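Reader: I am new to this one. Please take me through a single part of it, slowly enough to follow on the model.

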Amino acid sequence: MEQTIGFLEQFPYLTALITFTIGLITMPFVLNFAKSRNMVVRPNKRTSHTGSVPNIGGLNIFASLMLIFIIMLIGGKMRPPFFIGFCLIFIIGFIDDRLVLSAYWKIVGETLCAFFLIYFADIRITSLYGIFGIYELHPMISYALSYLAYMVIINALNLIDGVDGLASGLSILYFLFFGIWFLLAGITYYSVICFAVIGSLTVFFLYNVFGSSKRKIFMGDSGSLMLGYIISATVIIFLEKNKIPTDSILYFPNAPVTVLTVIFIPIFDVFRVSITRLKNKKSVLAADKNHIHHLLLRLGMSHKQVTFLLLAITLVYFFIAIVLKDYSLWVQLFIILLIGCMIIFIIWKFINIKNQKQNNETLN
């Protein structure tokens, strides 16, 4: 086992090939299983697809990750509570895909998994890295802040999963960013996990975005919640590894803002939508079609166009995170928020122009 783990840590990018191969083999079985058990989602007022599509893509992602995760677990490179939480969040998402849990019960389930990740596995934020002059946090504040970050990330990714390939495509980019950083920083056991997820997600992405009507599959909450769980852990570990200043070129002095920049699209979107709902005197948990991907669809863009546009914007944010890493925290924060607001302003401007044009055509 030690030799296997040593090999994986020496060539962590090969784990992507392993999980990709497993996922490619298991996907036809998952599709047949979903269709035979009627585990499909049909068009409704909040969806934009046609026909009945299996919605348990998370099952294939989960299955393709298990071999690498179990190897890391047995070899002592993965904390058992993290693995338990990973399995639980998948089960909760899978149940939600079948029974459609209320927002309350989803939060309860997510909170349960947070205990395994933050308290039992002790993967938590322990420092504010000098923001407002605060460094080490009191344990209770550390747990609370870690839980808040976890809930924001896991639900932001869940809510952004509205068009083909968006949640999986964004996640591939996130794990690629952090996986390469861990690899270059010599933290290879975390890099193994990141590349393993990339391989499993790539199979799903291909089926979800480019699959024919008979081979198409959706991620479902079993997938998006599971990815949010792993991304939360990855983000926190990245923060913890950067809290001690070094002279290394890999050191990010304002790691919290770096993280926000890297995963900006879903985080900014969930806060923007929540503020809009509160402004309109609606519950922040109320469902609507005001997310950024919905706005882009209203402009007449296809699913693929929306996905690849937002992936391209994310790559721009990666560039900003790297180039501005040594600048003032507030300068970085101002720039990324300004760009985000400009993007939303431009989208709404085009929507208003389109609506005005349609109204004029109707009057004529």
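Is the crossing in which α9 passes α10 left-handed or right-handed? Please describe what surrounds that pair too.

Author: The crossing of α9 past α10 is right-handed (the near helix is turned clockwise from the far one by less than a right angle). The model is predicted: local features need pLDDT of at least 70 and side-chain atom pairs 80 or more, while totals for chains, interfaces and linings use all residues. Residues are numbered from 1 along each chain, and side-chain values use heavy atoms, without hydrogens or water.

Start with the pair. The axes of α9 and α10 (lines fitted to C-alpha atoms) lie 9 Å apart, at an angle of about 150° on a scale from 0 to 180 degrees. The two helices (DSSP runs of H or I, at least four residues) are therefore roughly antiparallel, a label for angles over 145 degrees. Now the contact (heavy atoms within 4.5 Å). From α9 come V235, F238 and L239. They meet A255, P256, T258 and V259 of α10. By class, that contact has six nonpolar residues, one polar and no charged (Asp, Glu, Lys and Arg are charged; Gly counts as polar).

Next, the second largest pocket (an open set of 1 Å grid points with protein on both sides within 12 Å along at least five of seven lines). Its volume, the space filled by 1.4 Å probe spheres, is about 740 Å³. Its lining (residues with an atom within 4 Å of a point) counts 26 residues. L145, A149, P256, V257 and L260 lie nearest the centre. The helices giving two or more residues to this lining are α6 (139-160), α9 (220-241), α10 (255-262), α11 (264-279) and α14 (329-363). α6 gives the most, with five. The lining has 25 nonpolar residues, one polar and no charged.

P256 links the two views. It is in the contact of α10 with α9, and it is among the residues nearest the centre of the second largest pocket.

Last, the second largest cavity (points where the probe fits but cannot get out). It holds about 40 Å³ of space. I153, A156, L157, Y174, I231, I263, P266 and I267 line it. α6 and α11 each supply at least two of them. The largest share, three residues, comes from α6. Of the lining residues of this cavity, eight are nonpolar, none polar and none charged.

How values were computed:
Parallel < 35°, antiparallel > 145°, perpendicular 65-115°, else oblique.
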